[in-house]
Structures are given as structure tokens and as C-alpha cells.
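New to this one? Take a look at the model first, and then we can talk about how some of its helices are described.

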Amino acid sequence: MAEYVHQTLEEMIPELEEMTRVGLFTTKETKTILKKREGHEYKLRQLTKTKESFLNYIKYETKLLELLKLRRKKTGQENMKKGIEKSIADRIHKLYRLLTTRFQDYVEFWEMHIDFSKHMNEKAYVTRLYEQALKLHARNEDLWVKAAQWENDPQGNSNPHQARTVLLKGQRTNPDSEVIFLQMFLLELQLGKQLIKRKNILGLSAEAKEEEAQGKDIDPEFKLAEIIYRNGLDIFSDRPDVHLKLLNLCCSLKEASSLQEKIVSDLHYMYPDCPQVWNALALKHLNKMKSLNKEQKIEAIASCVKVYEDTLENLQSASPQQGDLRLSGPPSGQDAGGGARTRDRRVPADLRADSLATVPPTPPITMNI
């Protein structure tokens, strides 16, 4: 064991000599570094290797890398930067590979390696690490989403087509995953928004408006988003919460107004008796209260109240007895103690749409689905 340790330490000597020659560390400091590394190497050569042995070694090398950066900034010395820093980074990568090979079931170790690679701006290596991690943790839905976000992020790999491929693979592996499905829908919405921006820059927006005037239901930029939405109705049937999350994502993009109207229409048709749906559709009118003036706020509140009024009327006309039980609690004609009483089901005057002009300013209300 000692022979392997000494051989490894001898391979580090040129790196430490360069640190001393450039003036980043003194001879005494490099000897201390070598002694610390020797202790970590002996721990890695033990028969029983622990996670802490790898993590402590990685932590020490990472701090050494940060110290080098501070020393270079202080001295203004940029010589041998690739040689010294690269050798330390390669050692950290090697330690992470040993750690993830021995402890493959720990997703957090893969994510730590990925974060380090992102910090070192090694984009191609990050993609490769995600591929390796997903082969072992294909049932980890969050990992699929993070890999797709990295591929689509302009600060990341900036490859939306690869992000789409990653999500499709994740959806095939996890066909009932709500997280992956919502991310697929969001990705297509973002790509559709990018297409619209490009058309505006190229001066093609007038042609798009002309096509819309001809009666097309959904904007062509959001056709793929509509296809994913339709597939989601089959996968998550009788799931109004997922349907509302799709609407919430769609409301975040004003360019997807046609698809938003389609989703609202489907909600009306599929869930006519679901209080959760109608409550969300009513609050939808109050989404952008902060950006509205006084008159627009009054109109938004009136639209919200009108949805509630129409819902109450529809539920009561469809099934009066069921509506009474759902909305009032005690049976009609009785109070909570069982006594007879007269119920006035009319909407109070202060909540009617025609009296909203006298309503004081309302604090911002956001839609929380």
C-alpha cells in the first residue's frame, strides 16, 4: 500500500514545484500540501473505504483550487495556470469518478460531480455525466428534468433539441411522471415563444397575424405544445389538478393566448361540477392586478365575481338539492341546530358586479393552483 501512495505522491511533485517557482506557494507550504495529500491517499488505500474519505479529499482539493485563485488575483501571476489548475481539477474529477463508481446508488454524489463540472465550465463533460447518471437512475424524475434544463439553458449547453430528446427518453422510462410531462409542456411553450421573437425580428409577424385572422385555432408555434397537452389529457384523465397546472404554465406566456383559451374551454367541458376548477378560473382574472389601473382592476374583479355567480347558478339549476348540500352545509330550510329558517340565496348587494365601482382598492391577488 505504501508503494502505491509514494508513487502517487511522486507524480504530484512537478505540480508542487511549479507552484513554488511561480511564487504562488512557499516551499514550506508545498510540503504541508504534500503531507495532507499523503494522509488522504492512505485513507483511500484502506480495505474499508468510506464516503467520508473521498469527500474529505475532494473538499481539500477544492479549497486548494480556490486558494490558488485568490493567490493569483493577489499577485497578478497568470503563468502555468492551465498546468497547475488543470492537474488539480483532473484529480478532483478522478476522485468523483471513484466515489460514484463505489457508491453508485447515491444520486447526490453524481449531482456534486455535475455541479463541479459546471463550475469549471466543462459543458460537454456535464452532458456526459448526466447521461451516465441517468443510465443508473432512470427512475429519478427530477434528474431527467435537471438534465433537460441544463441542455436548454442559455448558460448551459444551449441545445433545446437535445433537451427535448432527454425529456422524451424520460417520459418513455416514466410514462406516468407528472413532473416530466409538465417540463415537456413548458419546454415547448418556451420554444414557441422563441420562434415568435425570431419572426418579429425577421418581419414575419404580419404574415402570422394574417394566418391567425383566417381562423386557425392554435398558433403554429405552439402546435407541439398542443400535441403534448392532448396526450396529457389521456395520460392524466380525471386529474383536474394537472389540467390546472397546464393552464398555469400557459398563462405565464401572453403569446400562447390561443392555447390558453383552448385549455379553458376544455376545463369548462370536462369538469363542469369541480369547485377547484371554477375557483381557479375565477381567480385567473386577478392574475395581473399589480399592472392594472383602477378601472381595469374593477373590471377584473367584476369578471371574477361573475364567474362565481354563474357557477352558483349553474350548480343550483343542474341539481338544486346537491347544490344546497355542497354550498350551504345544513339542509335547505334548517339552521345548524335543526330548526326551520328562511334562506336568501341571492348574492349580497356589495358583491354584485354593478356595485363594484364603490369597492375600495384591493391588494394584489395571485392565482395559486
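Here are a few questions and answers about helices in this predicted model.

Q: Why is helix 3 called roughly antiparallel to helix 4?
A: The axes of helix 3 (residues 51-75) and helix 4 (residues 81-102) cross at roughly 160°. Angles over 145 degrees count as roughly antiparallel, so helix 3 earns that label against helix 4. Their axes come within 10 Å, and the crossing is left-handed.

Q: What makes helix 3 and helix 4 meet, in terms of residues?
A: Contact means heavy atoms within 4.5 Å. On the helix 3 side, the residues that meet helix 4 include Phe 54, Leu 55, Ile 58 and Leu 65. Helix 4 brings, among others, Ile 84, Ile 88, Leu 95 and Leu 99.

Q: How do you know how helix 5 is oriented against helix 6?
A: Check the angle again: the axes of helix 5 (residues 107-119) and helix 6 (residues 123-136) cross at roughly 170°. The cut-off is over 145, so helix 5 is roughly antiparallel to helix 6. Residues in contact include Trp 110 and His 113 in helix 5, and Tyr 125 and Leu 129 in helix 6.

Q: Why are the buried residues of helix 11 said to be on the same side?
A: Buried means under 20% relative accessible area, and in helix 11 that picks out Ala 225, Glu 226, Ile 228, Tyr 229, Gly 232 and Leu 233. They cover an arc of only 160° around the axis, so they sit on the same side of helix 11. Their cover includes helix 9 (178-202), helix 12 (240-251) and helix 13 (257-270).

Definitions and conventions. Residues are numbered from 1 along each chain as its sequence is written. This is a predicted model: local features need pLDDT of at least 70, side-chain atom pairs count only at pLDDT 80 or more; totals for chains, interfaces and linings use all residues. Side-chain values use heavy atoms; hydrogens and water are left out. Buried means under 20% relative accessible area, exposed over 50%, partly exposed in between (1.4 Å probe, protein chains only). Helices (H or I, at least four residues) and strands (E, at least two) are DSSP runs, numbered from the N terminus. The arc is that of the directions from the helix axis to the C-beta atoms. Axes are lines fitted to C-alpha atoms, for helices over the stretch in contact, and angles run from 0 to 180 degrees between N-to-C directions. Angles under 35 degrees count as roughly parallel, over 145 as roughly antiparallel, 65 to 115 as roughly perpendicular and the rest as oblique. A crossing is left-handed if the near helix is turned anticlockwise from the far one by less than a right angle, and right-handed if clockwise.
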